[in-house]
Amino acid sequence: MAKTIITAALTGAVTPAGYKIPETPQQIADEAYDAWKLGAAVVHLHMRADDGLGAMDKEKFRETIRLIRSHKDCDVIINCTSSGASPEHPATDDERMAHHRELPGIEMGSYDAGSFNWMPGGVFVNSPQFLEKLGDLYMEKGIKPELEIFDAGMLGVANYFVKKGHLPTPCHYQFCLGVLGGMPATVENLLYLVKHIPAGSTWSAFGVGKGHLPILFASLAVGGHIRVGMEDNVVYEVKENGEKVMATNHMLVERAVNAVKAFGNTPATPDEARRMLGIPAFDGGRVRAALGID
């Protein structure tokens with residue numbers, strides 16, 4: 001049976017408050033451990049400031065990673081954002097990279113391959129200068145870039161930095177569909193993107209909000225990997241009477257695992273995902289020692 005990598009994106013920078021979103025390092029780490037036990041191979045991490053809003057807080061990343069790795073049985077792949085600021089807690093380019101530069105235990109990092117108008121909030125800025133530095137840092141640290149693609153033009157940006165030697169190959173793409181300002185979450189758009197990435201690449205996809213399930217099932221159908229979680233979607237289902245059943249990360253990951261199995265695939269283990277993505281084998285003892293965990 002084919003292996004499908006499930007990524008759990010547990011909390012975003014702009015996911016609204018009022019839902020069951022983990023916010024503290026302990027809450028995020030607890031839900032990361034739970035997602036791994038359910039079958040997620042990767043956890044994608046954002047941090048929240050004490051007021052609950054998105055922030056690029058290096059020390060909160062440190063504490064969250066330490067708490068996840070304090071579970072000696074947990075070998076989940078840790079993927080940290082480079083784009084977790086909010087208007088209330090802006091971040092410089094250097095602050096967006098500081099945790100990747102300084103903290104042990106980070107195996108993957110997001111790489112948002114371009115800028116666009118993230119409606120209605122403002123401009124999501126990823127300048128060429130920032131992307132060059134970020135790609136170089138990931139290569140220096142051995143961190144696998146996850147190329148976040150919100151629109152077709154970003155494929156060309158990624159190709160440019162590959163050709164200039166600022167991104168390693170083969171690339172791993174994350175197709176982010178349904179953000180107003182990017183490509184809508186349609187199967188047609190997903191197929192276009194899949195057809196226009198280099199041979200030998202790996203890819204995953206998610207749809208925001210109501211695009212969640214169509215993109216999940218379409219990704220399985222055309223051989224991709226999937227991402228779920230409360231960064232992207234806070235509604236589990238809408239009943240016939242219009243009542244909304246609100247989601248939790250546990251519910252979303254569990255449904256993804258069941259969908260993978262129903263399709264006839266098997267959720268990839270973290271070690272299997274590392275081999276598929278070209279990430280070095282996990283050395284838990286070394287990582288825990290570097291984090292100061294007994």
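Me: Two strands pair if DSSP finds at least two bridges between them, so what makes strand 2 (residues 6-9) and strand 3 a pair?

Reply: This is a predicted model, in which local features need pLDDT of at least 70, side-chain atom pairs count only at pLDDT 80 or more, and totals for chains, interfaces and linings use all residues. Residues are numbered from 1 along each chain, and side-chain values use heavy atoms, without hydrogens and water. Strand 2 and strand 3 run parallel and are joined by 3 bridges, so they satisfy the rule of at least two; Thr7 stands opposite Val42 in strand 3.

Me: How do you know that strand 3 also pairs with strand 4 (residues 77-80)?

Reply: These two strands run parallel with 4 bridges between them, and Leu45 has Cys80 in strand 4 as its bridge partner. From strand 3 the chain crosses through helix 2 (residues 58-69) to strand 4, a right-handed β-α-β crossover.

Me: Why are both faces of strand 3 (residues 42-45) called covered?

Reply: Val42 and His44 on one side, and Val43 and Leu45 on the other, are all buried, which means that each has under 20% relative accessible area (1.4 Å probe, protein chains only).

Me: What makes helix 7 (residues 212-221) and helix 8 (residues 249-263) a packed pair, described by angle and distance?

Reply: Their axes come within 11 Å and cross at roughly 35 degrees, on a scale from 0 to 180 degrees between N-to-C directions, and the crossing is right-handed. The contact (heavy atoms within 4.5 Å) includes Leu216 and Phe217 of helix 7 and Ala256 and Phe263 of helix 8; by class it has 10 nonpolar, 1 polar and 1 charged residues.

Methods:
Buried means under 20% relative accessible area, exposed over 50%, partly exposed in between (1.4 Å probe, protein chains only). A crossover is right-handed if, with the strands pointing away from the viewer, the path from the first strand over the helix to the second runs clockwise. A crossing is left-handed if the near helix is turned anticlockwise from the far one by less than a right angle, and right-handed if clockwise. Ala, Val, Leu, Ile, Met, Phe, Trp, Tyr, Cys and Pro count as nonpolar, Asp, Glu, Lys and Arg as charged, and the others, Gly among them, as polar.
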